[in-house]
Amino acid sequence: MNRLTVMILLLAFSGVVWAAGQLQLRPGMMGVADIGASDCAMFNEMHYNGPTGMRHHVLTWVQGYIYAKTGSNIDAMLATMPEDNGWNFDSLTDVFVDYCRANPDAQVSEAAIALWTTLRAGNSAPGGA
Amino acid sequence: MATSDPLQPAPAKPGGSKLWRAPFVGIFTLVAMLLGIGLAHAVMRAIEEAIGHDATYVVQLFLGAGAIVWLWYGVKSRSENFATWTGFFTGIVIWMTWVEFFYMYYGRKNFGMMPRVDGGAVTSEPEYLIMTATTGVLLFMLVFYTFDKDTRCNMFVWLQNKLGLRDGLGPSTKKARDRNYAIITFMETIYVTWFCYAWNLLVFDPTFVGYGRDALPAELGSVFISITWGGYCLSRLLKYRRTSTAVRYGIPTANILWISVEIVSGWGVMTEIWLYPSKYWPELLALTAAFTVLAVLIYKAPKKLSEVGER
């Protein structure tokens with residue numbers, strides 16, 4: 001690898017690092033740029049002040065995570081379960097809300113993955129059928 | 001007769017109280033109004049914490065309806081004193097319930113909005129993001145008050161004179177005794193609160209002022225305007241002798257000065273204890289007692305006959 005290539009690679013890499021470090025929303029927007037990278041304590045505070053929006057925000061993150069892992073989505077997973085599985089917006093999002101309440105030091109991504117783990121096991125919603 | 005009611009103040013007598021005169025009427029009124037603003041915040045937070053958000057969204061409907069029933073009594077009353085206080089209290093209750101809690105319901109629950117976050121901390125709740133969006137509605141109402149010939153607010157009258165509207169508008173169609181002070185004070189309380197909230201929220205909006213040190217010029221400018229404008233109003237308030245008029249003038253005076261309280265709190269100079277009623281309940285109970293005593297004293301202070309509906 002010649003010196004020019006090394007320099008280009010270093011520059012490109014530093015550019016990626018810079019872009020990742022600068023990832024932020026436009027001023028005035030609500031929410032955070034990367035909810036998965038936030039900790040649960042932050043999520044808990046935001047959830048208290050905007051419960052529906054924060055649940056939607058993290059559920060969307062989970063949808064992306066599941067699609068990246070499986071090429072499928074939550075709807076497709078639910079379709080493989082019995083009809084009375086009890087999963088809906090509230091019961092799905094309760095999984096990571098409860099996780100974050102119990103583990104304020106954890107990352108939101110861990111809480112979100114807890115939902116994926118539960119669904120992958122084919123479990124019905126807690127309190128559901 | 002109004003004075004036969006123990007709750008009604010005694011009409012002023014010649015050579016009456018030396019306490020209820022300028023500048024004391026203005027000072028007592030300003031302190032009461034400032035306490036009222038802080039305690040209104042505390043009451044809202046206490047309701048949220050005590051019964052939770054979901055129950056609050058329902059209860060606020062009835063609290064607001066109760067305030068309207070109270071306002072109805074105020075509108076019927078011929079006592080300017082009773083009508084003014086009724087308008088003030090019901091205006092605060094309606095703002096807290098039908099305005100703030102409705103925004104809260106739609107923002108936090110129904111629409112699924114998120115709070116605004118800066119530096120890892122929540123800086124604006126969804127209800128205040130919605131409220132910022134009402135600035136246009138606020139402004140068109142400002143146009144109405146500016147061009148309404150029956151507006152008696154000193155600021156609007158000054159604006160009308162400066163805009164050369166006096167001849168075009170003609171004389172007011174209402175005399176002092178034609179005016180209903182309950183609904184006037186009610187609307188004044190709500191509109192002034194709304195205006196000052198919008199002012200504050202725009203100063204805290206990073207879209208326009210940036211973050212951290214970038215926001216400082218806007219914040220310092222607001223504190224300067226708040227103190228000079230509020231100080232000017234206070235200098236006028238200190239000359240008031242009629243307590244009903246002083247209460248109505250004290251509402252904008254206190255709210256304009258409160259802008260500085262909010263901004264200075266944002267700098268971390270002071271703790272807004274009214275936002276944490278469960279933590280600072282002894283302090284807030286003491287302030288509530290002080291407000292209650294002060295409000296009763298002002299309400300029962302010697303009045304001119306015109307203030308108690310006898311002339």
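The sulfur of B:C233 lies 8.6 Å from the closest cysteine sulfur, in B:C153, too far for a bond. A disulfide here is a pair of cysteine sulfur atoms within 2.5 Å. This is a predicted model, where local features need pLDDT of at least 70 and side-chain atom pairs count only at pLDDT 80 or more, while totals for chains, interfaces and linings use all residues. Residues are numbered from 1 along each chain as its sequence is written, chains are lettered from A and ligands numbered from 1 in the order in which they are written, and side-chain values use heavy atoms, with hydrogens and water left out.

## Cysteines

B:C233 is buried, with a relative accessible area of 7%. B:C153 is partly exposed at 37%. The cut-offs are these: buried means under 20% relative accessible area, exposed means over 50%, and partly exposed lies in between, using a 1.4 Å probe and protein chains only.

How many disulfides does the structure hold over all chains? It holds one. The bond joins A:C40 to A:C100, with an S to S distance of 2.1 Å. The link of A:C40 and A:C100 is left-handed, with -55 degrees about the S-S bond. A:C40 sits in helix α2 (residues 40-49) of chain A and A:C100 in helix α5 of chain A, so the pair ties together parts 60 residues apart in sequence. Helices (H or I, at least four residues) and strands (E, at least two) are DSSP runs, numbered from the N terminus. A:C40 is buried, at 0% relative accessibility. A:C100 is buried too, at 0%.

## Salt bridges

Side chains of opposite charge can pair when their charged atoms come close. A salt bridge is counted when a side-chain nitrogen of Lys or Arg is within 4 Å of a carboxyl oxygen of Asp or Glu. By this rule there are eight salt bridges over all chains. Three of them are listed here.

| Pair | Closest N to O distance | Separation in sequence |
|---|---|---|
| A:D94 and A:R55 | 2.8 Å | 39 residues |
| B:E125 and B:R45 | 3.8 Å | 80 residues |
| B:R242 and B:E80 | 2.7 Å | 162 residues |

Take the chain A pair. A:D94 forms a salt bridge with A:R55. A:D94 lies in helix α5 (residues 89-102) and A:R55 in helix α3 (residues 51-70), so the pair ties together parts of chain A that are 39 residues apart in sequence. A:D94 is partly exposed, at 29% relative accessible area. A:R55 is buried, at 12%.

Now chain B. B:E125 forms a salt bridge with B:R45. This pair links distant parts of the chain: B:E125 is in the loop between β2 (121-124) and α3 (126-132), and B:R45 is in helix α1 (residues 24-76). B:E125 is buried, with a relative accessible area of 14%. B:R45 is partly exposed, with 25%.

The side chains of B:R242 and B:E80 also meet in a salt bridge. B:R242 is in the loop between α9 (216-237) and α10 (243-266) of chain B, while B:E80 is in helix α2 (residues 80-110) of chain B. Are these two residues buried or exposed? Both B:R242 and B:E80 are buried. B:E80, B:R242 and B:R248 are linked in a network of salt bridges.

## The second largest pocket

A pocket is found on a 1 Å grid over the protein atoms alone: it is an open set of points where a 1.4 Å probe fits, with protein on both sides within 12 Å along at least five of seven lines, and its lining residues have an atom within 4 Å of a point. The second largest pocket has about 1300 Å³ of space. Volume is the space filled by probe spheres set on the points, which are joined across faces, edges and corners.

Which residues are closest to the centre of this pocket? Of the 37 lining residues, they are B:T151, B:R152, B:C153, B:N154 and B:E188. Five helices of chain B, α4 (135-147), α5 (154-162), α7 (181-203), α9 and α10, each supply at least two lining residues. The largest share, nine residues, comes from α7(B).

By class, the lining has 23 nonpolar, four polar and ten charged residues. Ala, Val, Leu, Ile, Met, Phe, Trp, Tyr, Cys and Pro count as nonpolar, Asp, Glu, Lys and Arg as charged, and the others, Gly among them, as polar.

## Two more residues

B:S226 is found in helix α9 of chain B. B:S226 is buried, at 0% relative accessibility. The side chain of B:S226 reaches the backbone oxygen of B:I256 at 2.8 Å.

A:M30 is in the loop between α1 (3-21) and α2 of chain A. A:M30 is partly exposed, at 31% relative accessibility. A:M30 and A:G53 are 23 residues apart in sequence and 9.8 Å apart in space, C-alpha to C-alpha.

Definitions and conventions: Polar contact = N/O pair within 3.5 Å; in protein donor to acceptor, adjacent residues only side chain to side chain.
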